[in-house]
Amino acid sequence: MATINDHILTLSCRDKPGIVHAVTGVFAREGLNILDLQQYSDPTTARFFMRVHFGPTPTASAAHLRPAFDGLAASDSDYHPMTYDIRAVAEKMRVLIMVSKIGHCLNDLLFRAKTGQLPIDIPVIVSNHAEFATLAASYGIEFHHLPVTKETKAAQEGQILDLIRQHNVELVVLARYMQVLSPTLCEAMSGRIINIHHSFLPSFKGAKPYHQAYDRGVKIIGATAHFVTADLDEGPIIEQRVARVDHSMSPKALVDEGSNVESQVLAAAVKWHAERRVFLNGSRTVVF
C-alpha cells in the first residue's frame, strides 16, 4: 500500500545498456526502496520505457532526486534524448471533462472519482449543451456551457484553454464530446487529451454505429479509448474492449451494451493515465 511519501518515476530514453543500473543506482544511493518497477525496450523504435514506484522519501518532496536524473537526461548523456517525471502517488491528476448530450461516460467518471476508484480531481466540466449543469452541480463541480459553431470554434476553444490554465488541468477527457477539436487545441494539449470512440470496428465509424452494426448482424461490439490528434479518431490507442452480442438484440440493446463498454474502456484509460502508466511511443502506446 502506498504511503504519503511514495512517488512514481516515469522515464523514456534511448535504449542503451546500463540504463536500469543507472536508474536503480540513484535510489540505492539515496537509501530508497523500489516497491514496483516495470520496463520495456522497443526493438523497433530503440526506445526504453520505465515506471518505478519508490519510497518512502524523507519528506513529501522528491526534488532532491532531480539533479541525478537531470544528469542522466543531459544532452551529452548516453541516454539522450530522455524525458522523465517524478510525481507523488498521493497527488491526484487534475482533469477537465468535455461532454455533449450523451452522459453515461460523464456520469460514470464522476461516480468513480467521488468514490475513490479514479485518482483524479475534476475541477471543471465543459459542454456545448446545458443538459448536464445540474449533474455537475450535484457533485459540486464548476460547469461551463460553451456553445460552438463553425464561426465561433476558435473563440470557444480559446475559452477552454483559459479554463485549462486557470484550473491547472493536466488531462482533458472527451466523454462523448461530439465536436471535432481544432489542430490548435490538439497541439496545445498533445498527449493530454483522451477520447472514447464509440466503435471498435473501423467499418462502423460515424453516426449511429450500433445501428450500422445491427444492420450487419455483427457478433461483437466494442469501444476504443485513444489520445486525440488532429487526425480524427486516429490517435494512439490506450485501451480497447469488446462485448458479445447476438441476433436477438435490438438496436437499443446494442446501444445499451455499447454504453457499458464505452464507460469501462474510458474509465480504464483515465485510471492508467492518472497512475502514470501510459507512455507515447510514436503512433502507439506502452501501457504498464
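Let me begin with two helices, H1 and H2, which pack against each other at an angle of about 165°, with their axes 10 Å apart. Please keep in mind throughout that the model we are looking at is a predicted one. How are H1 and H2 oriented to each other, roughly parallel or roughly antiparallel? An angle over 145 degrees counts as roughly antiparallel, and H1 and H2 are therefore roughly antiparallel to each other. As for the handedness, the crossing in which H1 passes H2 is right-handed. If you would like to find the place where they touch, look on H1 for Ala22, Val23, Val26 and Phe27, and on H2 for Ala68, Phe69 and Leu72, since these residues make the contact.

Now I would like to stay with the aromatic residues for a while. Searching the whole structure gives five aromatic pairs, and I will take you through two of them. In the pair of Phe27 and Phe54, the ring centres lie 4.5 Å apart and the planes stand at 35°, so this pair is tilted. Phe27 belongs to helix H1, which covers residues 19–29, while Phe54 belongs to strand E3, which covers residues 47–55, and the pair thus links distant parts of the chain, 27 residues apart.

Are these two residues buried or exposed? Buried means under 20% relative accessible area, and Phe27, at 1% relative accessibility, counts as buried. Phe54 is buried as well, with a relative accessible area of 0%.

The other pair brings us back to the two helices, because it joins Phe27 to Phe69, with ring centres 5.9 Å apart and planes at 50°, so that this pair, too, is tilted. Phe27 lies in helix H1 and Phe69 lies in helix H2, which spans residues 66–73, so the pair ties together parts of the chain that are 42 residues apart in sequence. Phe69 has a relative accessibility of 0% and therefore counts as buried.

Which residues come together in one aromatic cluster? They are Phe27, Phe54, Phe69 and Tyr84, so you may like to select these four in the viewer.

Finally, a word on the annotation: an unreviewed UniProt entry places the feature "domain: ACT" at residues 8–84. Within this model, the span of residues 8–84 is 25% helix and 36% strand, and the C-alpha atoms at its two ends lie 10 Å apart.

Notes:
Residues numbered from 1 in each chain as written. Predicted model: local features only at pLDDT ≥ 70, side-chain atom pairs only at ≥ 80, totals over all residues. Heavy atoms only, no water. UniProt positions renumbered as here; feature names shortened; annotations may be inferred. Helix = DSSP H or I, 4+ residues; strand = E, 2+ residues; numbered from the N terminus. Phe/Tyr/Trp six-rings, centres within 6.5 Å; stacked < 30°, edge-to-face > 60°. Buried < 20%, exposed > 50% of the residue type's maximum accessible area, 1.4 Å probe, protein only. Axes fitted to C-alpha atoms, helices over the stretch in contact; angles between N-to-C directions. Parallel < 35°, antiparallel > 145°, perpendicular 65-115°, else oblique. Left-handed = near helix turned anticlockwise from the far one by under 90°. Contact = heavy atoms within 4.5 Å.
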